[in-house]
Amino acid sequence: MNMLAQLPASLWNDETAAHLLNRARFGATPAEIDSARKKGLVAMVRELVDVRADAGNVPPPAWAKPRNIRAARMALKAAKERGENFRETARQFRVMEGDEILDLRRWWLERMMNSPAPLLEKMTLFWHGHFATSVQKVKDGYWMWLQNDTLRRNALGNFATLVKAISRDPAMMIYLDLQQNREAHPNENWARELMELFTVGIGNYSEDDIRAAARAFTGYRIDMTTQQFRFARMEQDLGTKKFMGHTGPLNGDNVIDILVRQPACSRFISRKLWRFFVEDEPSQEIVDAIASRIRAHNFEMRPVLREIFSSAEFYSDRAMGTQIKSPLQYIVQTSKLLETQLPSPIVVQNAMRQMGQILFAPPNVKGWDGGKDWITTSTLLFRYNFANYLISGDAMLPAGQAARAKPQDAGLRQSVQRRQLAEQIKRDPIDVSKFVPDPLRDKPHQLVDLLSGRFFRTRLAEKETNTFVQFLESRKPDTSDATMRELVHLMMSTPKFQLA
Amino acid sequence: MKTKNTLQTRREFLRTSMLGAAATWTLPVFLEKTFFALDAIAANAVTQTATGKDGTILVVLQLAGGNDGLNTVVPYADDAYHRARPRLALPDEQILTIDHHVGLNPKLAGLKSLYEEGHLAIVQGVGYPNPNRSHFRSTEIWQTASDADRNETHGWLGRYFDNCCSGADPTIGVAIGEEMPQAFAAKNSTGITFSRPEQFRWRASASNTGHMSTEEIFFRQLNGFDEENTPAATDGASIGTLPGTSKSDLSTLDFLQRTALDAQLSSDKILAIARKYKSTIPYPQGQLAASLNIIARMIAGGLTTRVYYASHGGFDTHAGQFNTHGRLMTELNDTIAAFVADLKQQGNFERVLLITFSEFGRRVAENANGGTDHGTAAPMFVLGGRVKPGLFGKHPSLTELDDGDLKFNTDFRSVYGTVLDSWLNTPSQIVLGRKFPSLAIL
């Protein structure tokens, strides 16, 4: 059975078009869905996939420049040893780090919202979860930007190239202690995670393989005066290694090539891709089918994604409207559907934290598992209340608790922070006329149908539709903006709104 | 392919035979007419585990930042202590002595009284092999109870919930704060988090008048309080699950709907309790006291929670420690004293066990800024109406150090294991992955 036969043209409609835009992008408005439907499956897939790695041409944040870290650290150390109050400088460093990461999150979220190549951003997010690295250990905004840039450049390209680039990425090297790997004392952290988490998966390598790989990756260093990767040739272990049936003076790139050629690698990546884009529990058949295409395309992501997004399997009943939106998907898609701006960075950062997906700070090396993990009673209530904030600007809690930044320092600074926070939390209610046509305001059934089509990807039960209609009828003759906003809030305060 | 377990409709529930005298709960008014139907075995298992109402309760208090153990449980008689800390060593005459070697920080008078009453166990030298001195990593190690060289995603309490309490009310674990602690992370995620009980609720768009606005009525209809085709509403002990079904086995939509219903019911229960129960015991100011006060009120109100979690920060005293740590100790002492008094007044002191932990202690020697840097082993407090009091474990040597840091004597998982086995009645081996030597604290 050919699992990846193309979706028949007769099945291409608003629903399948919406499904494609939800999964390959961060959602779409009815107008965008209509436009996609008109373009047709093939053209739409090409439009999404065949984008350049530098599409969007967005410059890095202004502060994202390398610094001479060694000099800075030595200065701090000297001050400490002199007994000076270096703590103020150190604190300023930390505040700066905090500000930089906040701004980096804003920068990336804006790309997710506005990029002409949204699949590129979505794939970058996929790889960010795959090559999980956290600023909590890396402690530097520039390095986190640099890794993001590396991921984006290779997101739709060749997987082996991507892994090699990541092996030289300073943030990753710090996160997995690769720069501490020495011939005399090999550090196996990177070698193990390279196999377990990035390529072949657990059970497909031996402890001997890990030791051999650790030896192969010696010499990888970071130049602390330029914050760039450098190769310390003198520290490289050039001896013969035995790795997965290959023998020779293998280096890091050799190891990666060998790993990527393992069938287990194609299956590992296949499963991850399908879980991210399609459904939580892929069948073994689809995993094998995609794996086979990954190998056939020599691990080039663009053709693989073209096949996935064109396949009938992608549009199966099991897949459509059954994926719980990740926090990032939730934030971006909801903002789009409301035809409004993203909230201020500090609010979004807090929302990411409360929903369990903070950009640049995955909880651990395994990234985000997703699916049902996104939903607890607390996160669900938060999503409902956050929707209220997006719609009405209602900050949910007194004294701006909705967006409380962790106080950097007690005392006077805090009152300044509170004032700044209050400014950032303020948000105007949305303009409902952008998607509520005036003539329909007093026609509950039609209005509910129209808005359901916009906000839900799963069919509503009759009961649910009736509840929305009853709500509107209970408000008659009030068809004000406030009532419209309450209706939208009700729609978003449902289990089905969590699905894409 | 997993079979999808669909939730029974309310009508089916009413049709099936009802369980006989189950524990009586405080029911929100609009749920009074519903029943929950479980077969006897499941009911037994569920009431056994979920009945925080009459069963034992664990309160975990995290001191975040790395509390200085040496100035908390002070080895005042050891010259090395005074030599290493010319500025920070606490004067002998102020120490609240426990025995000839150690005593408590002068601000911990309340804990000293508890000790004398026989309600406080002090476990000395608690740590783990290959200690990590990073806040994040070491906190993760304590939360997941993993070995230092492994990465565990799920928390020790999460694994406890997975093993004992599947199908139980999500209020089985309650964390006071903004984020779910990693200790609660579980395969079948459960537990709720809030900073204030009034805030754990759905907020209608219209301004909140305190009464159920009409919008809220529609909201409830959309989230499971409906006659047909929705999960049956119950009081919350086990909401419509078939025995043994974990939430993770449900289809995605069923899972969402079940969670929505759980959220509503938990929220109602918590709000009802918060409105009804206020403490008459005065608590000190501050976030820590506010957290424990909420916990005390939830206990008073009969919330069926097994494990409460609270966290208090500020312990990362790298500089100017003397006054800061003194304030922290005062806050800790006064808060615990109030909490204990509150529980005693409620008659619930015997049911509660409170343990404190910190991600690490601090170095033996003070630094050049009147503070201390990240260290390793430190003491844990274990207190409650049924604790076996005393000093446990060995105090680490202040001279035979590990690169300037104390060597641990008791693995923290021994404390966890003892609590799991003897207080939560669950085999610690399953939760922790292996058996650790138990302590005679319970």
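# Exercises on salt bridges, burial and a chain interface

The side chains of A:R475 and A:E486 form a salt bridge with an N to O distance of 2.8 Å; a salt bridge is a side-chain nitrogen of Lys or Arg within 4 Å of a carboxyl oxygen of Asp or Glu. The structure is a predicted model, in which local features need pLDDT of at least 70, side-chain atom pairs count only at pLDDT 80 or more, and totals for chains, interfaces and linings use all residues. Residues are numbered from 1 along each chain as its sequence is written, chains are lettered from A and ligands numbered from 1 in the order in which they are written, and side-chain values use heavy atoms, with hydrogens and water left out.

## Exercise 1

Place A:R475 and A:E486 in the secondary structure and state whether they are buried or exposed.

Solution.
1. A:R475 belongs to helix α22 (residues 462–475) of chain A and A:E486 to helix α23 (residues 481–492) of chain A. Helices (H or I, at least four residues) and strands (E, at least two) are DSSP runs, numbered from the N terminus.
2. The two residues are 11 apart, and the pair links distant parts of the chain.
3. Both A:R475 and A:E486 are buried. Buried means under 20% relative accessible area, exposed over 50%, and partly exposed in between (1.4 Å probe, protein chains only).

## Exercise 2

Describe the surroundings of A:R111, starting from its helix and following its contacts to a salt bridge.

Solution.
1. Helix α5 (residues 86–114) of chain A holds A:R111.
2. A:R111 counts as buried because its relative accessible area is 7%.
3. With neighbours within four places in sequence left aside, A:R111 is in contact (heavy atoms within 4.5 Å) with A:A55, A:V58, A:E121 and A:R152.
4. One of these partners, A:E121, also makes a side-chain polar contact with the side chain of A:R111, at 3.2 Å. A polar contact is a pair of N or O atoms within 3.5 Å; within protein, one must be able to donate a hydrogen and the other to accept it, and residues adjacent in sequence count only if both atoms are side-chain atoms.
5. The side chains of A:E121 and A:R152 meet in a salt bridge of 2.9 Å, N to O.
6. A:E121 lies in helix α6 (residues 118–130) of chain A and A:R152 in helix α8 (residues 141–154) of chain A, so the pair ties together parts that are 31 residues apart in sequence.
7. A:E121 and A:R152 are both buried.

## Exercise 3

Find how far apart in sequence A:D50 and A:R306 are, and classify the accessibility of each.

Solution.
1. The side chains of A:D50 and A:R306 form a salt bridge at 3.0 Å, N to O.
2. A:D50 sits in the loop between α3 (41–49) and α4 (69–81) of chain A, whereas A:R306 sits in helix α16 (residues 301–310) of chain A, 256 residues apart.
3. A:D50 counts as partly exposed because its relative accessibility is 36%.
4. A:R306 counts as partly exposed because its relative accessibility is 23%.
5. Over all chains, a search of the whole structure finds 55 salt bridges.

## Exercise 4

State how many residues of helix α18 of chain A are buried, and what follows the helix.

Solution.
1. Helix α18 covers residues 345–355 of chain A, and nine of its 11 residues are buried.
2. The buried residues include A:I346, A:V347, A:V348, A:M352 and A:M355.
3. A:G356, just after α18(A), takes a positive phi of about 95°.

## Exercise 5

Characterise the interface of chain B and chain A by its residues, buried area and polar pairs.

Solution.
1. The contact takes 50 residues from chain B and 51 residues from chain A.
2. About 4,400 Å² is buried between the two chains, 57% of it on carbon and sulfur atoms. Buried area is the accessible area (1.4 Å probe) that two parts lose on being put together, summed over both.
3. Two salt bridges are found across the interface. The side chains of A:D394 and B:R203 meet in a salt bridge at 3.5 Å, N to O.
4. Across the interface, 10 residue pairs are in polar contact, with both residues at pLDDT 80 or more.
5. On the side of chain B that touches chain A, the elements giving two or more residues are α5 (135–144), β7 (192–194), α7 (214–222) and α8 (252–276) of chain B.
6. The largest share of that side, nine residues, comes from α8(B).
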